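Here is a short set of exercises to work through with the coordinates open beside you. Try each task before you read its solution.

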Amino acid sequence: MQQLIINITNESKGRSLINFLKQLDFVKIEKVSKEKQLLEFESEINESISDLKEEKVSSWKNKKLTLKNA
């Protein structure tokens, strides 16, 4: 599954695009509220601050990170 974020600057044209996309069987449209996004972001920040306070983090100096496709 691929997820894209499209920022539409014209509200009327945006509605037309959404109505078109709703007709496609391989596209799922999910509206995410700004409030939900802010709550998730706030939660992540609080978790990071908690980790810092509990000294669960370390410096990146002289360390390597390898990411592999899952």
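**Exercise 1: the pair after the second helix**

Lys 56 is exposed, with a relative accessible area of 57% (buried means under 20% relative accessible area, exposed over 50%, partly exposed in between, with a 1.4 Å probe and protein chains only). Before going on, note that this is a predicted model, in which local features need pLDDT of at least 70 and side-chain atom pairs count only at pLDDT 80 or more, while totals for chains, interfaces and linings use all residues. Residues are numbered from 1 along each chain as its sequence is written, and side-chain values use heavy atoms, leaving out hydrogens and water.

Task: find which side chain meets Lys 56 in a salt bridge, where a salt bridge is a side-chain nitrogen of Lys or Arg within 4 Å of a carboxyl oxygen of Asp or Glu.

Solution.
- Step 1. The partner is Glu 54, with 3.0 Å from N to O.
- Step 2. Glu 54 counts as partly exposed because its relative accessibility is 47%.
- Step 3. Glu 55 has a phi near 55 degrees, a positive value in a residue other than glycine, and is placed in the segment after α2.
- Step 4. With a relative accessible area of 70%, Glu 55 is exposed.

**Exercise 2: a pair within a helix**

Task: the whole structure holds two salt bridges; locate the one formed by Glu 11.

Solution.
- Step 1. Recall the principle: side chains of opposite charge can pair when their charged atoms come close.
- Step 2. Glu 11 pairs with Arg 15, and their closest N and O atoms are 3.1 Å apart.
- Step 3. Both residues lie in helix α1, four residues apart, or about one turn of the helix (helices are DSSP runs of H or I with at least four residues, strands are runs of E with at least two, and numbering starts from the N terminus).
- Step 4. Glu 11 is exposed at 63% relative accessible area, whereas Arg 15 is partly exposed at 48%.

**Exercise 3: helix geometry**

Task: compare the end-to-end reach of α1 and of α2 with the expected span, which is 1.5 Å times one less than the number of residues.

Solution.
- Step 1. α1 has 12 residues and reaches 16 Å from its first C-alpha to its last, close to the expected 16 Å.
- Step 2. α2 covers residues 34-53; its 20 residues should span 28 Å, and its end C-alpha atoms are 29 Å apart, which agrees.
- Step 3. At the N-terminal end of α1, Asn 10 acts as a cap, with a side-chain oxygen 3.1 Å from the backbone nitrogen of Ser 12.

**Exercise 4: a patch and the whole chain**

Task: which residues make the nonpolar surface patch of about 490 Å²?

Solution.
- Step 1. The patch is made by Leu 4, Ile 6, Ile 8, Leu 17 and Phe 20.
- Step 2. Phe 20 is placed in helix α1, residues 11-22, and counts as partly exposed at 45% relative accessibility.
- Step 3. Now zoom out: the chain has two helices and zero strands. Its radius of gyration is 19 Å, well over the 11 Å that the globule rule gives for 70 residues, so the chain is more spread out than a compact globule (the radius is taken over C-alpha atoms, and the rule is 2.2 Å times the number of residues to the power 0.38).
- Step 4. Along the principal axes, the C-alpha atoms fill a box of roughly 50 × 30 × 20 Å.
- Step 5. Buried residues make up 3% of the 70 residues.

Key:
Patches are made of residues with over 30% relative accessible area and no salt bridge: like charges are joined within 9 Å, nonpolar side chains (Val, Leu, Ile, Met, Phe, Trp, Tyr) within 5 Å. Accessible areas come from the Shrake-Rupley method with a 1.4 Å probe; for residues, only the protein chains shown count as cover. A polar contact is a pair of N or O atoms within 3.5 Å; within protein, one must be able to donate a hydrogen and the other to accept it, and residues adjacent in sequence count only if both atoms are side-chain atoms.
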